[in-house]
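Pull up the model and take a slow turn around it. We'll start from the outside, work inwards, and then stop at a couple of individual residues.

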Amino acid sequence: MKFSMIFEAQLVDPTPERERQVIHDCVEQAVHAEKMGFDRVWAVEHHSLTQYAHMSASEIFLTWVAARTERIRIGHGVVTMPFGYQHPVRVAERAAMLDVLSGGRVDIGAGRGATRQEMRMYGVRPEDTYPQMEEALRIFSHAWREERFEWHGSIDIGPGAILPRPVQDPHPPLFMACSKHDTLKLAAELGIGALVMGFAGADDVRAMRKVYDEAIAVRDGSRLVSSEVNDHFSALCPTIVLDDAERALRLGTRGQRFFAESIAHWYGNSPAPTGYAEDEDHTGALERRREELVARLHEANIPARPVDTGTYNTDHAYGDADTAIAYVEQLREIGVDEVMCLIQMGTVPQEVCMETIRQWGEKVIPHFRALEAAK
């Protein structure tokens with residue numbers, strides 16, 4: 001089982017000064033993660049989602065991280081793939097350049113960039129997001145391995161060389177963001193790794209693992225995007241770990257409340273999130289919001305799915321190291337290939353993020369490394 005971290009670059013009060021600071025804080029966390037034994041860092045790509053994600057040019061962020069590290073893998077998770085955001089050849093060139101400079105440490109995840117805000121900023125049409133994301137993945141798998149590349153689909157490319165060539169042969173591993181069962185099935189059919197939301201808790205992760213495995217078992221190979229199949233299942237793990245378990249729970253649930261309200265704002269047109277005092281009952285507030293959402297969906301005759309209500313569940317790795325170990329034990333039993341720690345949430349202080357990384361590196365990760373060694 002692998003251990004990673006994911007960065008959104010969230011912040012409550014996004015003044016230019018605070019924005020600059022949080023990006024540098026994320027770099028510091030990523031460098032610390034390598035020292036503490038993490039296997040990978042992921043950086044999202046979002047555009048114009050104030051407070052929720054200020055990580056817009058993540059390939060530049062990841063290049064800066066790669067220059068300051070030696071071992072940890074560099075995950076672009078995920079690139080917004082529809083062609084209005086960026087031409088697929090440009091993505092292939094940037095990813096290959098980073099793979100060369102990092103010594104072959106790059107992973108590439110695909111996403112749709114499907115908020116109305118982001119699509120408005122780039123003139124992307126909702127109906128194009130799925131087909132263009134899949135087509136971009138197919139373009140990559142060919143472009144990186146052919147000396148003279150051309151493509152004629154919904155977009156015409158070349159002929160010409162895609163330079164430089166990546167270090168990883170034939171190309172960096174491919175992944176996809178999966179928030180629904182349908183996208184999990186699609187990732188399995190395409191033969192690429194799944195990056196799943198884990199806010200709904202271990203039971204929902206178990207259900208998603210089952211959907212992914214069942215789709216892998218029945219695929220006939222006709223939709224594989226590459227000869228290199230990557231059946232890797234990575235699940236998000238919201239976490240804050242301190243010696244003071246009660247404070248870790250307060251800070252973790254406060255961060256998650258900010259995250260949940262940010263998602264509701266940009267994906268569901270709810271009010272913008274705000275910062276809250278540390279000693280508020282954030283678990284109770286999230287539960288009330290979840291109940292309100294379920295009632296609203298019920299009134300509209302829409303089933304309440306974990307993807308809708310999951311961000312309001314607070315049963316995660318918030319507490320001391322033993323709490324985190326117990327939660328990760330559930331993920332290990334489910335068969336998660338990678339635990340993707342979400343630590344950098346908008347209200348979590350930098351020193352708490354750094355301490356959480358230290359606790360994972362000195363106590364949580366070694367526990368599971370020892371189990372693997374004992375096998």
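How much area does the protein expose, and what share of it do carbon and sulfur atoms supply? This is a predicted model, and its exposed surface comes to about 15,900 Å², with carbon and sulfur atoms supplying 51% of that.

Now for the overall dimensions. Laid along its principal axes, the C-alpha trace spans about 60 × 50 × 45 Å. The radius of gyration is 20 Å, which agrees with the value near 21 Å that a compact globule of 375 residues would have. The chain is built from twelve helices and eleven strands. If you take the contacts between residues at least 6 apart in sequence, 77% of them join residues at least 24 apart.

Charge is next. There are 40 positive and 57 negative side chains, yet the centres of the two sets sit just 2 Å from each other.

Heading inside, buried residues account for 57% of the 375 in the protein. In soluble globular proteins, nonpolar side chains tend to be buried together. Here the largest nonpolar core holds 112 residues, and the ones touching the most other members are Phe 38, Phe 233, Val 339 and Trp 360. Trp 360 makes a good place to pause. Neighbours within four places in sequence aside, its contacts include two of those core residues, Phe 38 and Val 339. Also among its partners are Phe 3, Cys 237, Val 241, Ala 317, Cys 341 and Pro 366.

Is His 76 buried or exposed? His 76 lies in strand E3, which covers residues 73-80. Its relative accessibility is 6%, and because the cut-off for buried is under 20%, His 76 counts as buried. Once the neighbours within four places are set aside, the residues in contact with His 76 include Trp 42, Ala 43, Glu 45, Ser 58 and Glu 59. Leu 62, Asp 107, Ile 108 and Gly 109 are in contact with His 76 too.

For the other case, look at Arg 148, in the loop between helix H5 (129-143) and strand E5 (149-152). Its relative accessible area is 60%, and since exposed means over 50%, Arg 148 is exposed. Which residues does Arg 148 contact, leaving aside its neighbours within four places in sequence? They are Pro 159 and Gly 160. Pro 159 is eleven residues away from Arg 148 in sequence, while the C-alpha to C-alpha distance between the two is 6.2 Å.

Conventions:
Residues are numbered from 1 along each chain as its sequence is written. This is a predicted model: local features need pLDDT of at least 70, side-chain atom pairs count only at pLDDT 80 or more; totals for chains, interfaces and linings use all residues. Side-chain values use heavy atoms; hydrogens and water are left out. Helices (H or I, at least four residues) and strands (E, at least two) are DSSP runs, numbered from the N terminus. The radius of gyration is taken over C-alpha atoms; the globule rule is 2.2 Å times the number of residues to the power 0.38. Buried means under 20% relative accessible area, exposed over 50%, partly exposed in between (1.4 Å probe, protein chains only). Contact means heavy atoms within 4.5 Å. Accessible areas come from the Shrake-Rupley method with a 1.4 Å probe; for residues, only the protein chains shown count as cover. Lys and Arg count as positive and Asp and Glu as negative; His and the chain ends are not counted. The place of a charge is taken as NZ of Lys, CZ of Arg, CG of Asp or CD of Glu. A nonpolar core is a set of buried Ala, Val, Leu, Ile, Met, Phe, Trp, Tyr and Cys residues joined through side-chain atoms within 4.5 Å.
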